[in-house]
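Q: I am new to this structure and would like a close look at how its side chains group together. Could you begin at the surface and then work inward, explaining each term as you go?

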Amino acid sequence: MKGNKLLLLLLILIYPVYTADASSRQFDTREIQAVRIIDPPAIDGKLDEPIWDTAPSASGFYQYEPHNDRPASHETFVRVLYDNDALYIGVRLEDPEPEKILTELGPRDSGNNVNADLFWIDINPFNDGINGFRFMVSASGVQTDINISGAGGSRGDVNWDAVWMSAVSIDERGWVVEMKIPWSALRFPRGDVQKWGINFWREVRRTREQSSWNFVNRRIGDPLAFMGELSGIEGVEPPVRLALFPYVSSYLEKNGGGDQWGNTFVGGMDLKYGISNSFTMDMTLIPDFGQVQSDARVLNLTPYEVKYDENRQFFTEGTELFGKADIFYSRRIGSRPRGYFDAIGSLVRNDSVYEIVEENPLETRLINATKVSGRTSGGLGLGIFNAMTARGEATIRDTLSGGTRTITTQPFTNYSVLVADQSLRNNSFVSLINTNVTGSEPGYIANVSGTEFRLMDASNAYRVSGSAALSQQYRTSTENTFGYTYDVTAGKVGGTWQYNYNRLVYSDTYDPNDLGFLAFNNFVMDKVSFSHNIFDPFWRLWNLRNELAVNYNRLHTPDTFSGFNLGYSMRALFDTRFFIMARANYRPLGNRDYFEPRVPGRFYETDQSWDLFALFSSDYRKRVYVDGDITWGKILSDYNQQEYGFELRPTFRASDRLNMTYGFRYTGLNNDIGFAALSADEAIYFGMRDTDVFVNTIRGAYIFNNRLSLRLDFRHYWSVVEYSGDYYLLNDSGRLDELEKDLEVNNINYNAFTVDMLLTWHFAPGSQLTVAWKNNIDSNIAQLTRSYWSNFTNVLQQPQINSISLRVLYYLDYQKIRSLTI
């Protein structure tokens, strides 16, 4: 055993020498020729038309994982055809054991979450190393399309949906893919002769081997920077790109504790128009988001706003250009009216009048939204976004006379975003962006201007990147407010040894939250990090990363210390596909929290502390696999404050059609001390409390075929906060003085319960029918209980919202309509 440990240590020490040599190997950029055709092939997954033999094939794939520079284990041959309507891709994927090809089904856009062999194509029409589109097909025929522009090739916008066709088949030689990608699904520069960036990828799921046609250096980490070239596309005259997506929706709903069900019927339309080959306009008219995934609500005891995901498709699809400088948070559009609480403050109650709030909508109504985006042949990306919300009104009723009146909680409001993004050499870019909100309150305009940039050297191993923004709030009645932020990072991001320096600054007056999201401002951070990376397999490991980081934090105004952190993290992937990530943090100088007291200038000082976190994931190829994590942290003080928690998330794959995941998370805070009350003279009181959070989730899917699926999402969040009776006064030095008196602070028993069930049928390209059932309970029960089942029974008896809906969306293509009328 000692000998094995010594051998492993020796391998880790000498391996950087080997990997440094391997990473210096050079590979030429490959090129494939597309062939123009007159009669298009049938998309049936056969490749039996002679026309495919006229095109040269792309073959000789290189491994991306596990061995980055070896030939792929199985041959793959790709051919490309085109005409004035579309690009056609034909692929033969050799496999000596076709009976072992994995073919799990999944809903559309499952990506590599399905346990199936995969083929995908990355296309970059501008060949700039930054922007691109991904079209993926599994061996079971499941489609996934992703806008990977500016995403480093590893993430991207999976909500982007194009209309394209594909078909697959499995035979004695392996499997076959055919794709038809209409020009209307792509954006490309003007010109008679096109030369695009392109790469073809394959994953053999049972061995987890990924390979690409053009070599991709995993040590650099950006596949978009290593594309081959597609040539031969000439004289393409794409048709008019105009598509209409009319929809109708019907809802049957029951709100609150009543027995009456109401019904509504709505209709609207989305429109997509290709202004040119490169620019597209998307518009939603009378939008309907009633079937959107429910928020994962939580109890928030912090002074910071909780950021919830954007799930509305129009605001998640094709919006990557508007994410520059991180100043656009689309959930501000149609959110709670700015003057929502003014309704309560305006109530009149005396001997002759007693008013109540009869109706006060939680959201402003979205009238419409439009976005225009694209990129010129010179690499200049331009984007325009605009949305309008109707006036929000609350209804006030006098219970004595029966009379009603209305007050405006938010006037008609306009939201707009402008962005310009210029691609530069070496996969670099620079961007300018502006957001503006007008009308959210009388005489008020919020404006934020920002920039983002990335500068890479020719090797793509060294990078300087950053962003900056200036917020401006104009009010006619008071002085205008200005604030700023900047975030700059420089270092080595490729190779075995990597290092970075990062400086992040938020001024005390920076506020982008009218159309952006920032949890807190008044913050300065300097961070230095060093990491060692092993990319090629050795011993039982496929790859390994170790990182050390040091953070030094200060308040911006006044310039004073707030925190110092030493951090270590590691990530390892084993040959069994077992993944582990671990992180440790130590704060030797304690921490000064300037936000928990809720009073500007005051702070809460804690002693030194540490925390540990570990995450693991088992082999997703197995019928049963498990994800999980564990957390433990402690503040080294006389109060014995500590946090601990864990999550287990086993998944059972019953068949290629049915899978189910159960998740359980527990988080406990013992002797947690936090803000409890603020007196009229701004005396700040803290209280000691124990907090327990339980989260149960069930997620399942049954896939009838690659166009019809049923999905279930069940979530019950339960948080119990119990105050011990020990209360403290925060003194001017940031420490706590014990109080002799008790405070009237209520314990909390908060529950959030949601069920989302969705049946989706893609009955035609771009068209779908969805049937949804949604159930929502959000309650704070006065009764404090430690029994889960007793609490759950009480929750089900609370007022709830039930909704059953049917939605039909149909894709109408202008060219098809025109051909029928000729």
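**From surface patch to core**

A: Leu658, Met660, Tyr662, Ile698, Tyr702 and Phe704 make up a nonpolar surface patch of about 470 Å². A patch is built from residues with over 30% relative accessible area and no salt bridge, with like charges joined within 9 Å and nonpolar side chains (Val, Leu, Ile, Met, Phe, Trp, Tyr) within 5 Å. The areas come from the Shrake-Rupley method with a 1.4 Å probe, and for residues only the protein chains shown count as cover. Two or more residues of the patch come from each of β37 (658-678) and β38 (684-705), where strands (E, at least two residues) and helices (H or I, at least four) are DSSP runs numbered from the N terminus.

This is a predicted model, in which local features need pLDDT of at least 70 and side-chain atom pairs count only at pLDDT 80 or more, while totals for chains, interfaces and linings use all residues. Residues are numbered from 1 along each chain as its sequence is written, and side-chain values use heavy atoms, with hydrogens and water left out.

Within the patch, Tyr702 sits in strand β38 and counts as partly exposed because its relative accessible area is 31%; buried means under 20%, exposed over 50%, and partly exposed in between (1.4 Å probe, protein chains only).

Turning inward, the largest nonpolar core has 38 residues, of which Phe119, Phe135, Met179 and Phe200 touch the most other members. Such a core is a set of buried Ala, Val, Leu, Ile, Met, Phe, Trp, Tyr and Cys residues joined through side-chain atoms within 4.5 Å. Among the elements that give two or more residues to this core are β6 (118-124), β7 (133-138), β10 (174-182) and β11 (193-204). A second, separate core of 28 residues includes Leu366, Ala387, Val448 and Phe523. In soluble globular proteins, nonpolar side chains tend to be buried together.

Phe135 deserves a slower look. Its relative accessible area is 0%, so Phe135 is buried. Leaving aside neighbours within four places in sequence, Phe135 is in contact (heavy atoms within 4.5 Å) with residues including Phe119, Trp120, Ile121, Trp160, Trp164 and Met179.

The aromatic rings can be followed in a similar way. Rings of Phe, Tyr and Trp (its six-membered ring) pair if their centres lie within 6.5 Å, with planes under 30 degrees apart counted as stacked, over 60 as edge-to-face and the rest as tilted. A search of the whole structure finds 50 aromatic pairs. One of them is edge-to-face and joins Phe135 to Trp164, at 5.2 Å centre to centre with 80 degrees between the planes. This pair links distant parts of the chain, since Phe135 lies in strand β7 and Trp164 in the loop between β8 (143-147) and β9 (165-171), 29 residues apart. Trp164 is buried, with a relative accessible area of 5%. Phe574 and Phe578, by contrast, form a tilted pair, 6.3 Å centre to centre with 55 degrees between the planes; Phe574 is partly exposed at 22% relative accessible area, and Phe578 is partly exposed at 30%.

Charged side chains add another kind of link. A salt bridge is a side-chain nitrogen of Lys or Arg within 4 Å of a carboxyl oxygen of Asp or Glu, and by this rule the count comes to 47. Arg653 and Glu104 meet in one of these salt bridges, at 3.0 Å from N to O. Arg653 belongs to strand β36 (residues 641-653) and Glu104 to the loop between β5 and β6, so that this pair links parts of the chain 549 residues apart. Arg653 and Glu104 are both buried.

Strand β36 also holds Arg649, while Asp627 lies in strand β35 (residues 624-635), and the side chains of Arg649 and Asp627 meet in a salt bridge of 3.8 Å, N to O. Arg649 is partly exposed, at 29% relative accessible area, whereas Asp627 is buried, at 7%. Both residues take part in a network of salt bridges that links Asp627, Asp629, Glu647, Arg649 and Arg665.
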